[in-house]
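Dear colleague,

I am passing on the structure that we spoke about, and I would be glad if you could look it over alongside the notes underneath.

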Amino acid sequence: MNGKHYISGRMSRFETWGQTRPASGIALAVDDGNEYKAGDQSGNVLEIECPYGSQAMADGLLAKLAGRSYMGYVAENAVMDPAAELGDGITANGIYSLLAAKRVAFGSGHVGEVSAPVESDLDHEYHCQAQERRE
């Protein structure tokens with residue numbers, strides 16, 4: 001995570017939607033009844049689930065993210081590094097932004113769609129399944 005990838009103009013379509021509102025608060029959910037909050041909860045609040053969260057963690061995240069925003073975009077049929085992960089930085093058509101969503105068609109060119117959706121389309125939940133089964 002936190003890698004940087006350069007797509008340049010190697011895509012079939014590119015569209016931007018402008019900057020998102022700056023982050024003004026953090027809501028760190030530990031479980032159903034416990035939540036740690038930092039910052040102004042009236043603006044763009046990042047809601048994060050973390051069972052090991054603390055007030056110090058919420059304050060630390062806000063210190064790094066307060067006032068930050070990103071450019072919403074979509075790049076279709078982009079030739080990309082298959083190792084690119086969510087959260088990495090990406091430069092496409094001269095715009096540097098966040099890799100927040102990706103769909104990849106593995107093949108000879110590893111083309112796919114990468115994007116950072118605008119606030120109205122943004123899903124702040126990233127579900128992770130850690131359970132493994134062996135036969």
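The notes below go through the sheets, the nonpolar cores and the salt bridges.

Please keep in mind that this is a predicted model, in which local features need pLDDT of at least 70 and side-chain atom pairs count only at pLDDT 80 or more, whereas totals for chains, interfaces and linings use all residues. Residues are numbered from 1 along each chain as its sequence is written, and side-chain values use heavy atoms, with hydrogens and water left out.

I begin with the sheet that contains β1. This is an open sheet of three strands in the order β1-β7-β8, with mixed pairing, where strands are DSSP runs (E, at least two residues) numbered from the N terminus and two strands pair if DSSP finds at least two bridges between them. Its edge strands are β1 (4–8) and β8 (95–98), each of which pairs on one side only. Neighbouring strands here are turned by 25 degrees against each other on average, direction ignored, the axes being lines fitted to C-alpha atoms (for helices over the stretch in contact) and angles running from 0 to 180 degrees between N-to-C directions. Strand β7 (residues 89–92) runs antiparallel to β8 and is joined to it by four bridges; within this pairing, Ile 90 has Ser 97 of β8 as its bridge partner.

Ile 90 also appears in the largest nonpolar core, which has 14 residues and in which Ile 7, Met 11, Tyr 73, Ala 78, Leu 99 and Val 114 are likewise among those with the most contacts. A nonpolar core is taken as a set of buried Ala, Val, Leu, Ile, Met, Phe, Trp, Tyr and Cys residues joined through side-chain atoms within 4.5 Å, with buried meaning under 20% relative accessible area, exposed over 50%, and partly exposed in between (1.4 Å probe, protein chains only). At least two residues of this core come from each of β6 (71–79), β7 and β10 (111–116), and β6 gives the largest share, three residues. Leu 99 touches residues including Tyr 73, Ile 90 and Val 114, not counting those up to four places away in sequence, where contact means heavy atoms within 4.5 Å. A second, separate core of six residues includes Ile 26, Leu 28, Ala 58 and Leu 62.

The other sheet to describe is open and three-stranded, with the order β4-β3-β5 and mixed pairing. Because β4 (35–39) and β5 (44–49) stand at the edges with a single partner strand each, one side of each is left without a neighbour in the sheet. Strand β3 (residues 23–29) runs parallel to β5 and is joined to it by six bridges, with Val 45 of β5 as the bridge partner of Gly 25. Helix α1 (residues 55–65) lies across β3, β4 and β5, running at about 155 degrees to β3; helices are DSSP runs of H or I, at least four residues.

Lastly, the structure holds three salt bridges, each defined by a side-chain nitrogen of Lys or Arg within 4 Å of a carboxyl oxygen of Asp or Glu. Arg 13 forms one with Glu 76, the closest N and O atoms being 2.9 Å apart, and this pair links distant parts of the chain, with Arg 13 in strand β2 (residues 13–19) and Glu 76 in strand β6, 63 residues apart. Arg 13 also meets Glu 15 in a salt bridge (2.4 Å, N to O), and shared partners join Arg 13, Glu 15 and Glu 76 into one network. The side chains of Lys 37 and Glu 35 form a salt bridge at 3.7 Å, N to O.

With best regards
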